[in-house]
Amino acid sequence: MDQEAKKKALRSFTYGLYILTAQDGEDLAAGTVNWVTQASFQPPLIALGVKRESHLHALIAKTGRLALMTLRTDQKAIAQDFFKPTKREGNTLNGHPFEPSPTFGLPLLTELPYWLEAEVRALLALGDHSLVVAEVVEAGVREEAKPLVMWDTGWFYGG
């Protein structure tokens, strides 16, 4: 296989940028993810890739719960802030305010326009990222906004 062609073809897939959170008691993690898609209408399922060696993965595997928030087009800096390890100071994560989600009490960043809570239905550990399939149990909209997409950032994750 032509490795450069493979990389370019995989990087041509369209991806949004999201903040993913998980929590077990006082132990929490948050990170920027981009391999996310809706997988079913009924029940409402999402599928996402989560790096297997991450703290997020460990908490999601342990609790079976996650929160996912969509970034707005002008929130590239927030996405960057969650490339690094999670630091909680009061009611902020990596300097961004959050509140507990209504169903599971997971961190929801209050600056982001869309959010959902989900319960894991399947976790397939087949590569360096696990495929997580989760059922949406609650969702909210703080504002209607155009989502931030990977292509618009100049970043590449994949290939």
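This is a short talk on one sheet, one pocket and one buried residue in a predicted model.

Some ground rules. Residues are numbered from 1 along each chain as its sequence is written, and side-chain values use heavy atoms, with hydrogens and water left out. Because the model is predicted, local features need pLDDT of at least 70 and side-chain atom pairs count only at pLDDT 80 or more, while totals for chains, interfaces and linings use all residues.

Let's start with the sheet. Strands here are DSSP runs of E with at least two residues, helices are runs of H or I with at least four, and both are numbered from the N terminus. Two strands pair if DSSP finds at least two bridges between them. In general, strands of a sheet pair through backbone hydrogen bonds, either parallel or antiparallel.

Our sheet is open. Its four strands run in the order β6-β7-β8-β9, with antiparallel pairing. β6 (88-89) and β9 sit at the edges with a single partner strand each, so one side of each has no neighbour in the sheet.

Now walk across. β6 and β7 pair over two bridges. There, R88 stands opposite L93 in β7. Next, β7 (residues 92-93) pairs with β8 (residues 96-100), also over two bridges. L93 faces H96 in β8. Two residues lie between these strands in the hairpin, and N94 takes a positive phi near 50°. Last, β8 pairs with β9 (residues 107-109) over three bridges. E99 stands opposite L108 in β9. That hairpin has six residues between its strands, and G105 has a positive phi near 75°.

On to the pocket. A pocket is an open set of points on a 1 Å grid over the protein atoms alone, where a 1.4 Å probe fits, with protein on both sides within 12 Å along at least five of seven lines; lining residues have an atom within 4 Å of a point. The largest pocket has a volume (the space filled by probe spheres set on the points) of about 550 Å³. It has 25 lining residues, and the closest to its centre are G31, T32, V33, F82 and F83. Which strand gives the most to this lining? β2, with six residues. β2 (27-33), β4 (45-51) and α2 (55-63) each supply at least two.

Finally, T70. Find T70 in strand β5 (residues 65-70). Is T70 buried or exposed? T70 counts as buried (under 20% relative accessible area, 1.4 Å probe, protein chains only), because its relative accessibility is 16%. T70 touches (heavy atoms within 4.5 Å) L17, Y18, Q75, L112, P113, Y114 and P147, leaving out residues up to four places away in sequence.

Terms used
Buried means under 20% relative accessible area, exposed over 50%, partly exposed in between (1.4 Å probe, protein chains only).
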